[in-house]
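Trainee: Could you take me slowly through one part of this model, the strands and how they pair, and then show me how the side chains around them fit into the picture?

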Amino acid sequence: MTNDIKLGGLFQDKIARLLIVGAFILVGVMLAIHFFSTSYLLEEYNTRNAKNANITETDVNFYREVNSANNNIFNIILALLGAWVGAVLAFYFGAQSVDKAYSSLNQAQQSLGNLVSQNKLSTITAKQLIERSPDSTRLNKFKMSDKIKDIVKSAGDIFPFVTIIDDNDKKVLGLLFLSQLTVIKSRADLEILETTLEEFIKDNSVEDFILKIRWTKEGVKNYASVNMSDTLESIVKAMNEISQSLSVRAVVFENELVKAIIGHDHISKELKP
């Protein structure tokens, strides 16, 4: 996939240059046409004036209208070309940003994979990690019958998701990220919304960005199920089986009850000297 990105970048580079250079060439041609037509009209006017030819008001109006039409066409097309060049640049540099972001993500995943292959995570269990990372036990549990306003108010920048569970408080239906809701409505609107989560996902297309599927009342299995005794090595592998995204998390169970949620950030802390 990395090769595809590199090839895509080269292709975008060529297309961007072609379109931008072409736009400036067209502007130059338009300027030449405008200059030629204006010069011709002025020359014709001066010639007739020098010959004392009768120049009627109709002739004057004709010259004015032709010149005005020239200017109008030029201004309209120039604005369109400006928007065109701007769109090309935005697409080009936006694509470069995506490439860089993907490259950083790929490097982080490779580094973590190398550490796993070197067995540096095989000696630490989920229980040990949880003891050293108490924030992992913050579950923010909600049900489908809970109101959107309550769900949104509990999520934030540090904990950007909530845990959706079934009515029996046992089965985890999925991890719902705040950003999946704010793409539909603003946070301010969500914080006063009396609608339940079940009603909201029924009326709106709430897409899970990890699995790229829509949320339903049955939930989305966008997490890895692990136990307290599992090693971080096995947990990382289970998370990668769900998705290669660094947003994937592992839900830790003990006696069929949810105890904690582990992310790549928790595991990375364990690897620091």
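Mentor: What follows is a walk through the strands, and after them a few side-chain contacts and charges.

Please keep in mind from the start that this is a predicted model. As general background, the strands of a sheet pair through backbone hydrogen bonds, and they do so either parallel or antiparallel. Here, three strands form an open sheet in the order β1-β2-β3, and the pairing within that sheet is mixed. The edges are taken by β1 (141–142) and β3 (172–177), each of which has a single partner strand, so one side of each is left without a neighbour in the sheet. If you now follow β2, which covers residues 161–165, you will find that five bridges join this strand to β3 and that the two run antiparallel. One of the places to look is F161, whose bridge partner in β3 is F177.

Those two residues come up again when we turn to the rings, for the structure holds two aromatic pairs. One of them is formed by F161 and F177, which are tilted, with 5.6 Å from centre to centre and 50° between the planes. Because F161 lies in strand β2 and F177 in strand β3, the pair ties together parts that are 16 residues apart in sequence.

Further along the chain, strand β7 (residues 249–254) and strand β8 (residues 257–262) pair in the antiparallel sense over five bridges, and V251 has I261 in β8 as its bridge partner. These strands form a hairpin with two residues between them, and N255 in the turn has a positive phi of about 55°.

Charged side chains complete the view, with a count of five salt bridges. In one of these, E194 meets K149, and their closest N and O atoms are 2.9 Å apart. This pair links distant parts of the chain, since E194 is in the loop between α6 (187–190) and α7 (197–203) while K149 is in helix α4 (residues 148–154), 45 residues apart. Finally, D167, E198, E199, D203 and E218 form a negative surface patch, and E218 is found in the loop between β5 (213–214) and β6 (223–227).

How values were computed
Residues numbered from 1 in each chain as written. Predicted model: local features only at pLDDT ≥ 70, side-chain atom pairs only at ≥ 80, totals over all residues. Heavy atoms only, no water. Patch = residues over 30% accessible without salt bridge, like charges linked within 9 Å, V, L, I, M, F, W, Y side chains within 5 Å. Areas by Shrake-Rupley, 256 points an atom, 1.4 Å probe, with all protein chains shown as cover. Salt bridge = Lys/Arg side-chain N within 4 Å of Asp/Glu carboxyl O. Lys, Arg positive; Asp, Glu negative; His and termini not counted. Charge placed at Lys NZ, Arg CZ, Asp CG, Glu CD. Helix = DSSP H or I, 4+ residues; strand = E, 2+ residues; numbered from the N terminus. Pairing = 2+ DSSP bridges. Phe/Tyr/Trp six-rings, centres within 6.5 Å; stacked < 30°, edge-to-face > 60°.
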